[in-house]
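Morning, everyone. I have one structure to walk through today. Please have the sequence and the 3D view open.

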Amino acid sequence: MKRYIQFLWLALVLVQCWALPVAAQDAAIKEAEVAYTKEDYKTAIELYEGLLKNNGESAAIYYNLGNAYYKNGQVAPAILNYERALLLEPGDKDIRFNLQMAKARAVDKIEPVGKFFLVKWFEGVRDIASIDTWGATGIISFVLFIFCLVIFFFSKIVRFKKIGFYCALLLLLVVIFSNIFGFSQKSAMKNQIEAIVFASSVTVKSSPDVSGTDLVVLHEGTKVAVKSVLGEWSEVELEDGNVGWMPSKDIQTI
């Protein structure tokens, strides 16, 4: 009986240890939402930044933080946080729409280089869902695949054997592609090299020094890909394929 009571107390303590941070997080989220509703965007930004710092990454928090920055007239941070939210939830239409709205306020209008249609198709299908969704789809499909194999091997009814075989084949394809899409997203996230320009304006140079030839002037909110870093300079590639050097302090990695 004594052990049972001790076990209950231990369970209660563990539940409280889990519940208190969750309650604090929910309170901070509500406080940020209230500040946003009252158009106190500076306070909302501080609260959302604190949530990310204390509780880790969250697509929803990045999205709300992007909204707060956008309403506060800060284009570059808004685009940065929308991009981060999109990395975690690539299939979210609201994030994509707000990102396009924020990009429309950026000064630079750089036409991206077209991708090969198969790559474009692959990325389009891959980004319908998040890594977690693809993982869950793969696991569920694998379990159903095993179930269909059982029906195929052990059923004595020919019709059921055929259904089991074709369903197993279809589910196997779903498992394979779910894993391919999931690993592709994970790789893209892990090897993230894109960044957002935060300087109001910055000149891209032909070499990593101030004496280099001026190539183009970029403004806040423009997305670049960081190819390499040399000292305080970053070699960047623009969405149109042009390459140059700019100070690393003027960009923030997505």
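**Walking through the model**

At 31% relative accessibility, Gly241 is classed as partly exposed. You will find Gly241 in the loop that links strand S5 (233-238) and strand S6 (243-247). Now look from there to Leu173. The two residues are 68 apart along the chain, and their C-alpha atoms are 36 Å apart.

Before going further, a word on confidence. This is a predicted model. The average pLDDT over the chain is 88. Of the residues, 91% score at least 70. Where should we be careful? Residues 11-20 have pLDDT under 50 throughout. For that stretch, the model has one contact beyond four places in sequence. Where pLDDT is low, the predicted coordinates should not be read in detail. I will leave residues 11-20 there.

Next, the helix packing. Two packed helices are described by the angle between their axes and the distance between the axes. I have three pairs to show in those terms.

Start with helix H7, residues 131-154, and helix H8, residues 158-190. How do they cross? Their axes come within 7 Å, at roughly 160 degrees. An angle over 145 degrees counts as roughly antiparallel, so H7 is roughly antiparallel to H8. The crossing of H7 past H8 is left-handed. What sort of residues make up this contact? There are 20 nonpolar residues, seven polar and two charged.

Stay with H8, and bring in helix H6, residues 117-126. Here the axes lie 10 Å apart, and the packing angle is about 95 degrees. The range for roughly perpendicular is 65 to 115 degrees, so H6 is roughly perpendicular to H8. Which residues touch? From H6, they are Phe122, Val125 and Arg126. From H8, they are Ile180, Phe181, Ser184, Gln185 and Ala188. By class, the H6 contact with H8 splits into five nonpolar residues, two polar and one charged.

Third pair: helix H3, residues 59-71, with H5. The angle is about 25 degrees, with 11 Å between the axes. Under 35 degrees counts as roughly parallel, and H3 and H5 are therefore roughly parallel to each other. Their crossing is left-handed. H3 contributes Tyr63, Asn67 and Tyr70 to the contact. H5 contributes Asp94, Ile95, Asn98, Met101 and Ala102. By class, this contact of H3 with H5 has five nonpolar residues, two polar and one charged.

While we are on H5, find Phe97. Helix H5 spans residues 93-104, and Phe97 sits in it. Is Phe97 buried or exposed? Its relative accessible area is 52%, so with the cut-off for exposed at over 50%, Phe97 is exposed. As for its position relative to Asp40, the two are 57 residues apart in sequence. From C-alpha to C-alpha, Phe97 and Asp40 are 23 Å apart in space.

Just before Asp40 in the numbering comes a backbone point, Glu39. Most residues other than glycine have a negative phi. Glu39 is not a glycine, yet its phi is positive, about 65 degrees. Where is Glu39? It lies in the loop between helix H1 (2-37) and helix H2 (41-55). Its relative accessibility is 58%, so Glu39 counts as exposed.

Last stop, back on H8, with two residues to pick out. Lys162 is in this helix. With 52% relative accessibility, Lys162 counts as exposed. How far is Lys162 from Cys148 in space? The C-alpha to C-alpha distance is 9.9 Å, with their positions 14 residues apart in sequence.

Phe165 lies in helix H8 too. Its relative accessibility is 38%, so Phe165 counts as partly exposed. Between the C-alpha atoms of Phe165 and Ile79 there is a separation of 48 Å. Along the chain, Phe165 and Ile79 are 86 residues apart.

That is the tour. Questions, please.

Methods. Residues numbered from 1 in each chain as written. Predicted model: local features only at pLDDT ≥ 70, side-chain atom pairs only at ≥ 80, totals over all residues. Heavy atoms only, no water. Axes fitted to C-alpha atoms, helices over the stretch in contact; angles between N-to-C directions. Helix = DSSP H or I, 4+ residues; strand = E, 2+ residues; numbered from the N terminus. Left-handed = near helix turned anticlockwise from the far one by under 90°. Nonpolar A, V, L, I, M, F, W, Y, C, P; charged D, E, K, R; others polar. Buried < 20%, exposed > 50% of the residue type's maximum accessible area, 1.4 Å probe, protein only. pLDDT = per-residue confidence, 0-100. Contact = heavy atoms within 4.5 Å.
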